[in-house]
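Grab a pencil and have the structure open beside you. Try each task before you read its solution.

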Amino acid sequence: LNVLVITWNMNNKAPGESILPLLQQGMSSSGSVPDLIVLGLQEMDTSPSAFLNGETKRGAEWGDWIQMQANELVPDSSPDHNEYALIASRQLVGVAIFVLLRHTLLLQLGSVQTGDLAIGIGNMVGNKGA
């Protein structure tokens, strides 16, 4: 199983800029397309509503953007075909994690479970956590 793990400080950027160079740089050691991609983002959304709600629409927007960019890693894939499935994602305010798996391996996947623990103000606000 070829796994690519990347962490990236977003500095509150919205999706739109290509992340292919980041994904390709992470692939450079193996040279092969990853089967599993784990991308952790920091400072993804530092808006007041993110601190109050924990999750924002920016998390979903980044999930879609990451999946679209990951699909471009696979040579000769058609633009309308998803090579990767977003199998898990979690967001705690400005911190998020996205896990993508190649579609060819989905049948081998049992189940995916996620969880989080907010340990910020009053152990309720997700400005700190895991």
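Below are four short exercises, each with a worked solution.

A word on the model before you start: it is predicted, so local features need pLDDT of at least 70 and side-chain atom pairs count only at pLDDT 80 or more, while totals for chains, interfaces and linings use all residues. Residues are numbered from 1 along each chain as its sequence is written, and side-chain values use heavy atoms, with hydrogens and water left out.

**Exercise 1. Take stock of the protein chain: list its elements from the N terminus on, and find what share of its residues count as buried.**

Step 1: Count the elements. There are 3 helices and 4 strands; these are DSSP runs numbered from the N terminus, with helices being H or I of at least four residues and strands E of at least two.

Step 2: Put them in order. The protein chain runs β-α-β-α-α-β-β.

Step 3: Check burial. Of the 130 residues, 40% count as buried; buried means under 20% relative accessible area, exposed over 50%, and partly exposed in between (1.4 Å probe, protein chains only).

**Exercise 2. Work out the strand order of the sheet and say which strands sit at its edges.**

Step 1: Trace the order. The 4 strands make an open sheet, β1-β2-β4-β3, with mixed pairing. Its edge strands are β1 (3-9) and β3 (84-92), each pairing on one side only. For pairing, DSSP must find at least two bridges between two strands.

Step 2: Follow β4 (residues 95-102). This strand pairs with β3 in the antiparallel sense over 8 bridges, and β2 and β4 also pair in the antiparallel sense, over 6 bridges.

Step 3: Pick out some partners. On the β3 side, Leu92 stands opposite Val95 and Arg90 has Ile97 as its bridge partner. Across from Val99 in β4 stands Val38.

Step 4: Look at the turn. The hairpin of β3 and β4 has 2 residues between the strands, and Val93 there takes a positive phi near 55 degrees.

**Exercise 3. Which helix packs on the sheet, touching β1 and β2?**

Step 1: Find the helix. Helix α1 (residues 20-27) packs on the sheet and touches β1 and β2 (36-42); contact here means heavy atoms within 4.5 Å.

Step 2: Get its direction. The direction of α1 makes about 135 degrees with that of β1. Axes are lines fitted to C-alpha atoms, for helices over the stretch in contact, and angles run from 0 to 180 degrees between N-to-C directions.

**Exercise 4. Find the salt bridges in the whole structure, then ask of one pair: are Arg102 and Glu83 buried or exposed?**

Step 1: Run the search. It turns up 2 salt bridges, each a side-chain nitrogen of Lys or Arg within 4 Å of a carboxyl oxygen of Asp or Glu.

Step 2: Start with Lys13 and Glu17, whose side chains meet at 3.6 Å, N to O. Lys13 is partly exposed, at a relative accessible area of 37%, and Glu17 is partly exposed too, at 46%.

Step 3: Go on to Arg102 and Glu83, which meet at 3.7 Å, N to O. This pair links distant parts of the chain: Arg102 lies in strand β4 and Glu83 in the loop between α3 (57-71) and β3, 19 residues apart.

Step 4: Settle the burial question. Both Arg102 and Glu83 are buried. As for the strand that holds Arg102, 6 of the 8 residues of β4 are buried, so β4 is largely enclosed by the rest of the structure.
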